Each structure stands twice: as structure tokens, then as C-alpha cells.
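Hi everyone, thanks for coming. I'll walk you through one structure today, so have a look at it first and then we'll go through it piece by piece.

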Amino acid sequence: MSTQVETMNAQEVANRLVLLCREGKNVEAINELYDDNVMSHEPKDSPIKEKVGKQAVLDATNQWSNSVEELHNAYISDPIVAGNFFACTMKVDATYKERGRNTMDEVCVFEVKDGKIVYEQFFYNMGY
């Protein structure tokens, strides 16, 4: 008798991502929900425009975390799901070691395939 593990659909992945982010568990969210070959795109003005692979996303997340002196507030909206895609908004108010305090609003769009995030794209203006 074989047991099959059911993969999460886009709504389940979206709900789990939002839950983990609200708990401040961004690294855990990446480890659990991202495909090994995920593609990640930032806006053209971002210092890091494109990342390929889970490790690159983890490295960028850690780089961002290390640049934060103090996190004042972080918010993520409930997800909106359409087929294999979902979107949410994020707002981060932080003081950065190199550039001081900044609030950033962004729209985040994700694609899910076989229960994993395979693509993400972020839309925001650089606030400094």
C-alpha cells in the first residue's frame, strides 16, 4: 500500500506563506514553500534585480535582514488567489543601518506549481 502526499494548491500555499510571514518566519516560509529553482524578480531600481533558485532567495532575504537596524512594523495582507497565482501587499517600516528609516509598500505576485512557489515578482518604488 503506497501513500501519496497531496500537494497544496495555490490557496493553501498562499495562506501558509501569509501565516509564516505574519509570524516573522520568512526563512522558514522560503524553505518550506519555495521550489528549488524558483525565479524571483525585483523592480528595475533594486540593487538585486533577479534571483534564480531557493538559495539565492534565502541569501537575499538574509542580506536584507542583516541590513535592518530596527524593524518598526511589518504587514502582509490576506492573499488574493486566481488559478495558480496569488498576490498580496506588504508594508515594511524599518530603520536600515546604511540609509536610515524607510517605509516601503509593495505588491507581491506568486506562481504555484506542484505545491511550491516557482515564481515571484515584487512591485515597489525604492523609497530612498
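**Salt bridges first**

Let's start with D93 and R101, whose side chains meet in a salt bridge at 2.6 Å, N to O. By salt bridge I mean a side-chain nitrogen of Lys or Arg within 4 Å of a carboxyl oxygen of Asp or Glu. The background is that side chains of opposite charge can pair when their charged atoms come close.

Before going further, a word on what we're looking at. This is a predicted model, where local features need pLDDT of at least 70 and side-chain atom pairs count only at pLDDT 80 or more, while totals for chains, interfaces and linings use all residues. Residues are numbered from 1 along each chain as its sequence is written, and side-chain values use heavy atoms, with hydrogens and water left out.

And pLDDT? That is the predictor's confidence in each residue, from 0 to 100. For this chain the mean is 92, and 94% of the residues reach 70 or more. Among the elements of the chain, β4 has the highest mean pLDDT, 98, and β2 the lowest, 91. Elements here are DSSP runs numbered from the N terminus: helices are H or I with at least four residues, strands are E with at least two.

Back to our pair. Is D93 buried or exposed? D93 counts as buried, at 15% relative accessibility, while its partner R101 is exposed, at 53%. The cut-offs are these: buried is under 20% relative accessible area, exposed is over 50%, and partly exposed is in between, using a 1.4 Å probe and protein chains only.

There's a neighbour to meet here too. H72, in strand β3, is in contact with D93, A94, T95 and R101, leaving aside its neighbours within four places in sequence. Contact means heavy atoms within 4.5 Å. So H72 touches both members of that salt bridge. H72 itself is partly exposed, with a relative accessible area of 29%. You can also find N102 from there: the C-alpha atoms of H72 and N102 are separated by 9.9 Å, with their positions 30 residues apart along the chain.

How many salt bridges does a search of the whole structure find? The search finds 6. One of them joins D78 and R22, at 2.8 Å, N to O. That pair links distant parts of the chain, 56 residues apart: D78 is in the loop between β3 (68–76) and β4 (80–82), and R22 is in helix α1, residues 10–22. D78 is exposed, at 52% relative accessibility, and R22 is partly exposed, at 48%. Another of them pairs E23 with K25, at 3.3 Å, N to O. There, E23 is partly exposed at 44%, and K25 is partly exposed at 33%.

**Now the inside**

Which residues have the most contacts inside the largest nonpolar core? They are L17, L33, Y34, F86, F110 and I117, in a core of 25 residues. A nonpolar core is a set of buried Ala, Val, Leu, Ile, Met, Phe, Trp, Tyr and Cys residues joined through side-chain atoms within 4.5 Å. At least two residues each come from α1, α2, β1, α3, β5 (85–96), β6 (100–113) and β7. The most come from α1, which gives 7.

Take Y34 as an example. Beyond its neighbours within four places in sequence, Y34 is in contact with L17, A29, K54, V57, F110, K116, I117 and E120.

**Two helices**

Helix α2 has A29, I30 and L33 as its buried residues. Looking down the axis of α2, these fall within an arc of 100°, so they line one face of the helix. The arc is that of the directions from the helix axis to the C-beta atoms. They pack against α1, β1, α3 and β7.

Helix α3 covers residues 54–67, and its buried residues include K54, V57, L58, A60 and T61. Down its axis, the buried residues of α3 fall within an arc of 165°, so they too line one face. The face turned away from that buried side carries the exposed residues Q55 and N66. Covering the buried residues of α3 are, among others, α2 (26–33), β1 (34–41), β2 (50–52) and β7 (116–123).

Let's finish on T61, which is buried at 18%. Neighbours within four places aside, T61 is in contact with N26, V27 and I30.

Definitions and conventions:
The expected span of a helix is 1.5 Å times one less than its number of residues.
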